[in-house]
Amino acid sequence: MKKIFCTFILLSAVVIAIAQNHAEKQLIINDQAALKLTACVQVAPDNYNKLKNWVLSTEAVELKMLNTNSGEARIKGNSLIYLSRKQSSFQTKMYYTISLKEQNNQLQIEIKDVYYLSLPVYGKQGTPSVISYPSDWFSKEKLYKKSGKERYLNSLVKQNTIDKMNEIMNSALAFLN
């Protein structure tokens with residue numbers, strides 16, 4: 001119940017932040033199905049402090065700050081993601097890199113380098129963890145059937161990944177207001 005309440009508060013804050021922050025987001029999926037979500041915001045004197053506070057306070061993702069120096073930072077993170085519409089006992093962690101770069105009085109935030117690690121199934125000994133990449137799920141060959149229709153599970157993984165990336169980006173943007 002506490003987790004649902006925290007999620008509701010986080011989502012409410014995100015909706016308010018989206019209305020306040022007019023950062024334009026751009027999603028790019030290249031031919032190898034690599035994803036990159038980018039947003040740019042005006043540079044403010046305390047952007048890095050606000051993002052550091054976001055990293056330290058957010059419960060939606062687990063993050064570690066890496067190699068921060070003047071004008072650039074990289075954050076490695078992971079977040080729980082489901083490979084279906086509903087929460088299930090089969091869970092997967094989505095790993096990613098958040099890159100922060102300051103140039104031309106803009107702070108560019110990118111989420112990229114996405115990959116997945118399936119977690120062992122609870123109660124089943126010997127279930128291996130498996131690493132997979134977006135290309136394993138929604139490259140052109142994997143996403144579409146010969147008939148041209150999208151495969152159901154693969155399209156769900158694609159949509160869940162994009163939704164999770166947007167959730168993470170919106171959470172970061174909310175702290176910059």
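**Notebook: loops, fold order and burial**

I began at the turn in the second half of the strand region, where Asn105 sits in the loop that joins strand 5 (92–103) to strand 6 (106–118). I looked up its backbone next, bearing in mind that this is a predicted model, and found that phi of Asn105 is near 60 degrees, a positive value in a residue other than glycine.

I then turned to Ala33, which lies in the loop between strand 1 (25–29) and strand 2 (35–42). Ala33 is not a glycine either, yet its phi is positive, at about 70 degrees. Is Ala33 buried or exposed? I noted a relative accessibility of 1% for Ala33, and the cut-off for burial is under 20%, so Ala33 counts as buried.

With the two loops entered, I went back to the overall arrangement of the protein, for which I counted five helices and seven strands. Reading from the N terminus, I wrote the order of the elements down as α-β-β-α-β-β-β-β-β-α-α-α.

For the contacts, I considered those in the protein with a separation of 6 or more, and recorded that 50% of them are between residues 24 or more positions apart.

My last entries concern burial and surface. Of the 177 residues in the protein, 37% are buried, and Ala33 is one of the residues that count as buried. The protein exposes about 11200 Å², and I noted that carbon and sulfur atoms supply 53% of that area.

Note on methods
Residues numbered from 1 in each chain as written. Predicted model: local features only at pLDDT ≥ 70, side-chain atom pairs only at ≥ 80, totals over all residues. Heavy atoms only, no water. Helix = DSSP H or I, 4+ residues; strand = E, 2+ residues; numbered from the N terminus. Buried < 20%, exposed > 50% of the residue type's maximum accessible area, 1.4 Å probe, protein only. Contact = heavy atoms within 4.5 Å. Areas by Shrake-Rupley, 256 points an atom, 1.4 Å probe, with all protein chains shown as cover.
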